[in-house]
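Here are a few notes to read alongside the structure you have open. They are meant for someone meeting it fresh, so take them one at a time.

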Amino acid sequence: MKCPQCDTELDPQGLCPHCGLDVSGSDWVVIATVNPPDDALLESLIKSFGIPVQLIKPLGSVFGLAVGPLGEVKVAVPEAFAARTEQLLQAEMEGSESDL
Ligand SMILES: [Zn+2]
């Protein structure tokens, strides 16, 4: 994982040895709200960027009744990575459009 501020490789605790940014202490922000199976796609995509990701699932999905708004999953990344993740996702969307 690399520092979103200075691109230095972070140490295993998520701390940047260069600028001191602490990713593990960062707040998580929701960057997208999607319906399954897009949540799994986004999760693997964001992980492929080397960015930590968390899926916040609604209680409804626990019972296998994930329909409509109850089935929506929030995709969250550390605040320090939010802008970069959105840029990368946008580039990814544009890239896959031109492949069609
Ligand atoms: Zn840094």
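**Notes on the predicted model**

1. Let's start with aspartate 39, which is buried because 22 other C-beta atoms sit within 10 Å, and the cut-off for buried is 20 or more. You'll find aspartate 39 in helix α1. Keep in mind that this is a predicted model.

2. Who are the contacts of aspartate 39? Setting aside neighbours within four places in sequence, aspartate 39 touches Val34, Leu55, Val73 and Val75 by the contact criterion. Take valine 75: 36 residues separate it from aspartate 39 in sequence, yet the C-alpha to C-alpha distance is 7.1 Å.

3. Valine 75 also comes up with lysine 57. Those two are 18 residues apart in sequence and 8.8 Å apart in space, again C-alpha to C-alpha. Lysine 57 belongs to the loop between β2 (54–56) and β3 (73–78). Is lysine 57 buried or exposed? Partly exposed, because it has 14 C-beta neighbours inside 10 Å, and partly exposed covers the counts between 12 or fewer and 20 or more.

4. Now step back to the whole chain. It has 2 helices and 3 strands, and reading along the sequence gives you the pattern β-α-β-β-α. Buried residues make up 17% of the 100 residues, and aspartate 39 is one of the buried ones. Of the contacts with a separation of 6 or more, 53% are between residues 24 or more positions apart.

5. Have a look at the loop between β1 (28–34) and α1, where proline 37 lies. Proline 36 and proline 37 are joined by a cis peptide bond, with omega at about 5°.

6. Another backbone detail turns up at aspartate 7, in the segment before β1. Its phi is near 70°, a positive value in a residue other than glycine. Unlike buried aspartate 39, aspartate 7 is exposed, because just 10 other C-beta atoms lie within 10 Å and the exposed class takes 12 or fewer.

7. Last, how confident is the prediction? The mean pLDDT of the chain is 84, and 83% of its residues reach 70 or more. Confidence is highest in helix α1 (residues 38–48), at a mean of 95, and lowest in helix α2 (residues 79–99), at 85. Where pLDDT is low, predicted coordinates should not be read in detail.

Conventions: Residues are numbered from 1 along each chain as its sequence is written. This is a predicted model: local features need pLDDT of at least 70, side-chain atom pairs count only at pLDDT 80 or more; totals for chains, interfaces and linings use all residues. Helices (H or I, at least four residues) and strands (E, at least two) are DSSP runs, numbered from the N terminus. Two residues are in contact if their C-beta atoms, placed from the backbone, lie within 7 Å. pLDDT is the predictor's confidence in each residue, from 0 to 100.
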